[in-house]
Amino acid sequence: ELVMKKNLLDAVTEAIEELPERLQQILALYYQEECTMREIGSVLGVSEARVCQLHAEAIHRLRAAVGKE
């Protein structure tokens, strides 16, 4: 089970590194810095709704990349 968790963590880390910089930044601000979508929108100069769209795109890409493994 530990090996499976390590493999999943490695796959997610690799998938994040392959995302465009903007999507990486959104994930970092949301999950590491615990910023709200509104705060992220202010940082990036886009609307809160656009941040939600970009976050959803990032998650979709991560799931697709990890699902391939």
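This is a short tour of a predicted model, with a few selections to make in your viewer.

**Stop 1: a helix pair.** Start by selecting helix α2 (residues 21–32) together with helix α3 (residues 37–44). Two packed helices are described by the angle between their axes and the distance between the axes. Here the axes come within 10 Å and cross at roughly 140°. That angle makes α2 oblique to α3, because only angles over 145 degrees count as roughly antiparallel. Turn the view and you can follow α2 as it passes α3 in a right-handed crossing.

Now show the side chains where the two meet. On the α2 side, pick Arg22, Gln25, Ile26, Leu29 and Tyr30; their partners in α3 are Met37, Ile40, Val43 and Leu44. Colour this contact by class and you should find 7 nonpolar, 1 polar and 1 charged residues.

**Stop 2: histidine 55.** Next, move to helix α4 (residues 48–68), where histidine 55 lies. Is histidine 55 buried or exposed? Its relative accessibility is 12%, so histidine 55 counts as buried. Leaving aside residues up to four places away in sequence, select what histidine 55 touches: Ile26, Leu27, Tyr30, Tyr31 and Met37. Ile26, Tyr30 and Met37 may look familiar, as they also take part in the meeting of α2 and α3.

**Stop 3: two cysteines.** Finally, select cysteine 35 and cysteine 52. How many disulfides does a search of the whole structure find? The count is 0. The sulfur of cysteine 35 has its closest cysteine sulfur in cysteine 52, 14 Å away, which is too far for a bond. Cysteine 35 counts as buried at 19% relative accessibility, whereas cysteine 52, at 36%, counts as partly exposed.

Terms used. Residues are numbered from 1 along each chain as its sequence is written. This is a predicted model: local features need pLDDT of at least 70, side-chain atom pairs count only at pLDDT 80 or more; totals for chains, interfaces and linings use all residues. Side-chain values use heavy atoms; hydrogens and water are left out. Helices (H or I, at least four residues) and strands (E, at least two) are DSSP runs, numbered from the N terminus. Buried means under 20% relative accessible area, exposed over 50%, partly exposed in between (1.4 Å probe, protein chains only). Contact means heavy atoms within 4.5 Å. A disulfide is a pair of cysteine sulfur atoms within 2.5 Å. Axes are lines fitted to C-alpha atoms, for helices over the stretch in contact, and angles run from 0 to 180 degrees between N-to-C directions. Angles under 35 degrees count as roughly parallel, over 145 as roughly antiparallel, 65 to 115 as roughly perpendicular and the rest as oblique. A crossing is left-handed if the near helix is turned anticlockwise from the far one by less than a right angle, and right-handed if clockwise. Ala, Val, Leu, Ile, Met, Phe, Trp, Tyr, Cys and Pro count as nonpolar, Asp, Glu, Lys and Arg as charged, and the others, Gly among them, as polar.
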